[in-house]
Amino acid sequence: MANVVLLKPVPHEEALRISIMETDVLVMVHPLGRKGVYSGKLFDYLATNKPILALCDTDDVIAELLKYTGAGFVACESDIGDIKRAIIKCYLLWKNKEVLPRNWDRISQNSRRSQTQILIDYLSAQNILM
């Protein structure tokens with residue numbers, strides 16, 4: 001535990017600042033069994049240029065989104081070997097001072113503004129909006 005620092009809860013804006021300025025990798029734990037659910041944290045993480053390490057179901061939407069955007073690594077939360085391999089990938093990026101070649105066009109499609117426009121266009125096409 002000598003290398004682990006626990007922080008007290010902070011406001012959302014401070015958490016974003018810490019994520020951008022003080023971290024080398026962003027970790028997201030999404031329990032198995034919650035299929036089809038995105039965490040809002042994931043979309044905040046996508047906006048940074050930090051690698052994302054998601055411990056989640058490797059056949060679910062989070063894994064698909066990280067693969068689609070090139071923004072990070074996925075490991076099954078119950079597979080220690082899988083987690084070790086993902087941590088090593090993150091470590092090597094840090095050690096070699098590299099960044100993941102993210103697909104920023106795809107990431108921008110997941111902004112609140114873009115997703116809201118998709119919803120508005122859909123509702124308009126269905127004649128739900130007047």
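1. Start with Leu46. In this predicted model, and setting aside neighbours within four places in sequence, Leu46 is in contact with Ile52, Leu65, Leu66, Thr69, Ala71, Arg102, Trp104, Ile107 and Asn110. Leu46 is also listed, with Leu42, Ile52, Ile62 and Leu66, as having the most contacts inside the largest nonpolar core, a set of 14 residues.

2. As for where that core comes from, two or more residues each are supplied by strand S1 (26-29), helix H2 (40-46), strand S2 (52-55) and helix H3 (61-69). The top contributor is H3, with 4 residues. A second core, separate from this one, has 9 residues, among them Ile83, Ala86, Cys90 and Leu100. For background, nonpolar side chains tend to be buried together in soluble globular proteins.

3. Now the aromatics. Searching the whole structure turns up 2 aromatic pairs. One of them is Tyr91 with Trp94, with ring centres 5.8 Å apart and planes at 35 degrees. That pair is classed as tilted because stacked would need planes under 30 degrees apart and edge-to-face over 60.

4. How are Tyr91 and Trp94 placed along helix H4? They sit 3 residues apart in H4 (residues 80-95), so about one helical turn separates them.

5. Last, the surface. Ile88, Tyr91, Leu92 and Trp94 make a nonpolar patch of about 430 Å². Ile88 is in helix H4, as are Tyr91 and Trp94. Is Tyr91 buried, exposed or partly exposed? Its relative accessibility is 43%, so Tyr91 counts as partly exposed; patch members need over 30%.

Key. Residues numbered from 1 in each chain as written. Predicted model: local features only at pLDDT ≥ 70, side-chain atom pairs only at ≥ 80, totals over all residues. Heavy atoms only, no water. Phe/Tyr/Trp six-rings, centres within 6.5 Å; stacked < 30°, edge-to-face > 60°. Buried < 20%, exposed > 50% of the residue type's maximum accessible area, 1.4 Å probe, protein only. Core = buried A, V, L, I, M, F, W, Y, C linked by side-chain atoms within 4.5 Å. Contact = heavy atoms within 4.5 Å. Patch = residues over 30% accessible without salt bridge, like charges linked within 9 Å, V, L, I, M, F, W, Y side chains within 5 Å. Areas by Shrake-Rupley, 256 points an atom, 1.4 Å probe, with all protein chains shown as cover. Salt bridge = Lys/Arg side-chain N within 4 Å of Asp/Glu carboxyl O.
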